[in-house]
Amino acid sequence: MRLEIQCEDRIGMIRGILDFFIPYQIDIRLIETDSKRRCLYCGFPDIPFADLQSLLADIRRLDGVEDVKTVMFTPSEREYNALNTLLEALPDGVVAVDLKGYITMATELAAADLGVPIDALVGEPLQQFIKGVNFSRMAWEDMAEGISKRIRLQNKSVLLEMKPIFVPDGRGHANPAGAVIHLKSQERLNRQTEHFKQAPDIEKHLETYFQKDVIQSAAMCDMLQKAKAFSIMSEPLLLYGDVGTGKKELLRALYQYWLEQQSDGGTLMLRHAREISAEDIAKLDHASGWFAIEELEYLAPELQVDLANWLLRQPEHSTSEQGKVRLIGLTSLPKTQQISEQIHSTLYFALSCLQLRVPSLKERTDDLKGLVQQTLQGLCERYSVPMPSLTKAALVKMSLYSWPGNIKELENVCLQSLGLGKSQWDADDLVLTDDRNEEIALELVDGSLDKTLKSWEAQLLRQLYPQFPSTRRLANAVGLSHSAIANKLKEYNIGS
């Protein structure tokens, strides 16, 4: 339990407050002061509610106390946890030691580098885990710039970078208090460099926002051509596509491209339709930039009318000095269902001056390999694991799958397969939803036996090709010549 006591800053105030804890036999575990806010913080084990009420009343009666209340944490506890979260987010392991070389703090990544559970590190001498460096005999005053050296940890080469900690005293003299040590592995450094090289460059053209390998398909190229033209216009835009196609990522790319063309800038405000109120719509008159509404169909009916009326009141042409807001709607509804009970017709026609459809992953088979690589790079960077490779059979299985969940489903499949810890993925390592809904019915196709047999043959070859991912292997499996199978695969657009 924590108390925040706002009070005067005078001698004897702390003593007067702490005296109230004695009758309740409260064991004070934490005392902290914040002179800027004129607050005193006390931490102690939970006590009965009746005792707490009585204690608070006693403290409030003390001369100089302005307010007292319970809080979840103290400022130093918040700062400590913020610092710990920041250190855990770093791509390298971090260890802090005192002047004698004993560990005072360590991150999970550092513990993994040292091969010891994090609970077993704090309080132990770092020299016990890193040989060849005498941390207890460092000349701290002489190493203000820190030191760097290569070491071996668990048979891996690691760069150790040590920076001393100095704490100023009351006279401003900096006294050494220990050191912070970064553990940088060659593997992580390479991964960070590669990740930086392949990250989108938002300061250039729209096309370079995306990696080259993920915009190879005709559908994506056509969409980006329209997107580039629409991004610099001021009219409202309706951005639509199936669930998981990456509409929000495209929105950010469009906005960054637009921002580069503007001198006055603006902000991108992305809100879910369920979170929007009438007050938010009224504030649009005084805002500038882009206001995007995610899942437009979930906007309350009365707010849809308000938003449509706001759009209709806007001038057809405006200048940047007017600070006009550009409205963007995002929806997963197919075009045939966009004018319905879910989206009011007035709002639809006011908003859809420009329409841009994001293609599904099924239409982007040429982009699939690049998307897989991009997804794996992000996941491997996030979880600090090596990049796996994929066999041809695995890639063929992915290319023949329909991906009803689009890019989101691809990310889920990659994440699940990554959890297996294999350095190479085969077709059997990929868990995909069964595509039984795509199997053909045993009925005549267009009243033709020949078309029916071809349709059945194409379906069968699509199922067999991931198991025998080459024309020669597939030809041997079904007992046909290599050229015959190659012609059939070409005819049915399989494996191309």
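Which residues of helix 13 (residues 392-399) are buried? In this predicted model, they are Ala393, Ala394, Val396 and Met398. These buried residues pack against helix 12 (368-383), strand 15 (389-390), helix 14 (406-418) and strand 16 (424-425).

## The whole chain

The chain holds 17 helices and 16 strands. Of its 496 residues, 39% are buried. Take the contacts between residues at least 6 apart in sequence: 61% of them join residues at least 24 apart.

## Two nonpolar cores

In soluble globular proteins, nonpolar side chains tend to be buried together. The largest nonpolar core here has 42 residues. Leu250, Leu356, Met398, Trp403 and Leu410 have the most contacts inside this core. Met398 has already appeared, as a buried residue of helix 13. What does Leu250 touch, leaving aside residues up to four places away in sequence? Its contacts are Phe210, Met223, Leu224, Leu239, Leu356 and Val358.

A second core is separate and has 23 residues. Leu299, Trp310, Leu327 and Leu347 are among them.

## Helix 10

Trp310 leads us to helix 10 (residues 301-313), where Trp310 is buried. This helix has 13 residues. From first C-alpha to last, helix 10 reaches 19 Å, close to the 18 Å expected at 1.5 Å a residue.

An α-helix has 3.6 residues a turn, so residues three or four places apart point the same way. In helix 10 the buried residues are Leu303, Gln304, Leu307, Ala308, Trp310 and Leu311. Seen down the helix axis, they fall within an arc of 160°, so they line one face of helix 10. The face turned away from that buried side carries exposed residues: Pro301, Glu302, Leu312 and Arg313.

What covers the buried residues of helix 10? The cover includes helix 9 (278-282), strand 12 (289-294), strand 13 (325-331) and helix 11 (345-351).

## Strands 10, 13 and 14

Strand 13 also pairs with strand 10, in the parallel sense, over four bridges. Strand 10 (residues 237-240) is joined to strand 14 (residues 354-357) as well. Those two strands also run parallel, with four bridges between them.

Leu238 shows both pairings. Its bridge partner in strand 13 is Gly329. In strand 14, Leu238 stands opposite Gln355. Tyr240 has Arg357 as its bridge partner in strand 14.

In a regular strand the side chains alternate between the two faces of the sheet. Strand 10 points Leu237 and Leu239 one way, and Leu238 and Tyr240 the other way. All of these are buried. Strand 14 has one covered face, with Leu354 and Leu356. Its uncovered face has Gln355 and Arg357.

## Two open sheets

The table sets out two open sheets.

| Strands in the sheet | Order | Pairing | Average twist from one strand to the next |
|---|---|---|---|
| Four strands | 2-3-1-4 | antiparallel | 15° |
| Five strands | 6-5-9-8-7 | antiparallel | 25° |

Start with the sheet of four strands. Strand 2 (30-34) and strand 4 (65-71) stand at its edges. Each has a single partner strand, so one side of each is left without a neighbour in the sheet. Strand 2 pairs with strand 3 (residues 39-43) over five antiparallel bridges. There, Leu30 stands opposite Gly43 in strand 3.

Which strands does helix 2 (residues 49-60) touch as it packs on this sheet? Helix 2 touches strand 1 (2-7) and strand 4. Its direction makes about 155° with that of strand 4. Helix 3 (residues 75-89) lies across strand 1, strand 2 and strand 3. Helix 3 runs at about 95° to strand 2.

Now the sheet of five strands. Its edge strands are strand 6 (103-106) and strand 7 (147-153), and each pairs on one side only. Strand 7 is joined by seven bridges to strand 8 (residues 156-168), and the two run antiparallel. Within this pair, Ile151 stands opposite Val158 in strand 8.

Conventions
Residues numbered from 1 in each chain as written. Predicted model: local features only at pLDDT ≥ 70, side-chain atom pairs only at ≥ 80, totals over all residues. Heavy atoms only, no water. Expected span 1.5 Å × (residues − 1). Buried < 20%, exposed > 50% of the residue type's maximum accessible area, 1.4 Å probe, protein only. Arc of directions from axis to C-beta. Contact = heavy atoms within 4.5 Å. Pairing = 2+ DSSP bridges. Axes fitted to C-alpha atoms, helices over the stretch in contact; angles between N-to-C directions. Core = buried A, V, L, I, M, F, W, Y, C linked by side-chain atoms within 4.5 Å.
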